[in-house]
Amino acid sequence: MQNDIKVNKIVYVAAVIESVLFGLTFLGAKIALTELDAIEVLTCRWTISMIVFVILAAVKLIKVQYKGKPIRLVVLLAFIQPCINTICETCGIDLTTASESAIIYAMIPIAVVLISVVFLRQKIRPVVAAGIAVSFAGVIISIAFSDSFSPGGKAAGYFMLAAMVVTGAVFTIMSAKISDRFTPMERTFAMAVMGGIWFNILNIVRGKGFSCYAVCFQEPQVGMAVLFLGAVGSFACYILFNYVVTNMPAPQASMLQVNLITLTGVVTGILFQGDSFGWYTVAGLILVIAGVIATNKEPK
């Protein structure tokens, strides 16, 4: 019994650390975006993650084995996240604020439920439907009553964040579907390598070459932000995430992590980026979190 208590404490500590660190990536992205565009930030971020993963695999500190497995499935998974999802996320953060992005990010579990209902024909319980409505109301309140809000002023940013939510939900569902064929480390390794290759190719095609790496050395603040995004946001956080979901019931893990990520993103955006703050921020955050809790509530 004593050992079980210790394990539970370690899992909760890991969940809190991972969620707070991931919440800080919204701030890290905003700092990196002061000197780099969205694709350049992602190029540096996922290249760092790819290098770390490849080195660890080469020295056999992590184990990945794809032989005899349906590679096309994990490649498709990695194409959705990070190749598509993080473009939507980073562009959305660039065009809005860190706190707005964090609040909208909390809608991913809601989107998972909606996609499951529409495409997988799963039934939706009344409490879940109410949770979705409450969360959506929270997002609208936090954005529409903000001092910086203007109709159409951030439409492109909100569209990109909505796309982030949809692709994030698709990624979550697909990752669960192939979890019996690929270990968490194999899925994460594929994401890192795919992301590193994909974004470097995009940067070259855009005519940017490898100049983004020079900027990271010339601007220490940007370099530190990118290093944090790559080594922490795209490497350490995913390892901690995989550990948590392996040792904690999925609804409980999802609820704890999303709420902490959102809260961290909102607070850091307000404190360090001067994001708009008022009753609408608090009310929106409370409604979104309440909706996520209701949506993930297990039936009795």
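The questions and replies below go through helices, contacts and single residues of a predicted model.

Me: How is the packing of H3 and H8 described, oblique or roughly perpendicular?
Reply: Two packed helices are described by the angle between their axes and the distance between the axes. For helix H3 (residues 71-95) and helix H8 (residues 184-205), the axes are 8 Å apart and the angle is about 55°. Angles of 65 to 115 degrees would count as roughly perpendicular. The angle therefore makes H3, relative to H8, oblique.

Me: Which hand does the crossing of H3 and H8 have, left or right?
Reply: The helices in question are H3, residues 71-95, and H8, residues 184-205. Their crossing is right-handed.

Me: How many nonpolar residues are in the contact of H3 with H8?
Reply: On the H3 side the contact includes Val74, Leu77, Phe79 and Ile87, and on the H8 side it includes Met191, Met194, Trp198 and Leu202. Gln81 and Thr86 of H3 also take part, as do Glu186 and Arg187 of H8. By class, the residues of this contact are two charged, three polar and, for the nonpolar class, 14.

Me: Which residue does a cis peptide bond join to glutamine 81?
Reply: Glutamine 81 belongs to the H3 side of the contact with H8. Its cis peptide bond has an omega of about 25°. The partner has its place in helix H3. The residue joined to glutamine 81 is proline 82.

Me: How are H2 and H9 arranged, roughly parallel or roughly perpendicular?
Reply: The axes of helix H2 (residues 38-58) and helix H9 (residues 211-218) come within 9 Å. They cross at roughly 80°. Angles from 65 to 115 degrees count as roughly perpendicular. H2 and H9 are therefore, to each other, roughly perpendicular.

Me: How many charged residues does the contact of H2 with H9 have?
Reply: H2 brings Glu40, Thr43, Cys44 and Thr47 to the contact, and H9 brings Ser211, Cys212, Tyr213 and Cys216. By class there are four nonpolar and three polar residues, and the number of charged residues is one.

Me: Is cysteine 212 buried or exposed?
Reply: Cysteine 212 lies in helix H9. Leaving aside neighbours within four places in sequence, its contacts are Leu36, Glu40, Thr43, Cys44 and Asn203. Its relative accessible area is 1%, and the cut-off for buried is under 20%. Cysteine 212 is therefore buried.

Me: How far apart in space are cysteine 212 and aspartate 37, C-alpha to C-alpha?
Reply: In sequence, cysteine 212 and aspartate 37 are 175 residues apart. In space, C-alpha to C-alpha, the separation is 9.0 Å.

Me: What should the 12 residues of helix H5 span at 1.5 Å a residue?
Reply: Helix H5 covers residues 108-119. Its buried residues include Ile108, Pro109, Val112 and Ser116. The end C-alpha atoms are 16 Å apart, which agrees with the expected span of 16 Å.

Me: Which residue takes a positive phi just after H5?
Reply: The helix ends at residue 119. The phi in question is about 60°. The residue is arginine 121.

Me: Is lysine 60 buried or exposed?
Reply: Lysine 60 is found in the loop between H2 and H3. Although it is not a glycine, lysine 60 has a positive phi of about 65°. Its relative accessibility is 71%, and exposed means over 50%. Lysine 60 therefore counts as exposed.

Me: Is threonine 25 buried or exposed?
Reply: Threonine 25 is found in helix H1 (residues 2-32). Beyond its neighbours within four places in sequence, it is in contact with Phe228, Leu229 and Gly233. At 1% relative accessibility, threonine 25 counts as buried.

Me: How far apart are the C-alpha atoms of proline 126 and threonine 295?
Reply: Proline 126 lies in helix H6 (residues 126-144) and is exposed, with a relative accessible area of 70%. Threonine 295 is one of the buried residues of H12. The two are 169 residues apart along the chain, and their C-alpha atoms are separated by 9.6 Å.

Methods
Residues numbered from 1 in each chain as written. Predicted model: local features only at pLDDT ≥ 70, side-chain atom pairs only at ≥ 80, totals over all residues. Heavy atoms only, no water. Axes fitted to C-alpha atoms, helices over the stretch in contact; angles between N-to-C directions. Helix = DSSP H or I, 4+ residues; strand = E, 2+ residues; numbered from the N terminus. Parallel < 35°, antiparallel > 145°, perpendicular 65-115°, else oblique. Left-handed = near helix turned anticlockwise from the far one by under 90°. Contact = heavy atoms within 4.5 Å. Nonpolar A, V, L, I, M, F, W, Y, C, P; charged D, E, K, R; others polar. Buried < 20%, exposed > 50% of the residue type's maximum accessible area, 1.4 Å probe, protein only. Expected span 1.5 Å × (residues − 1).
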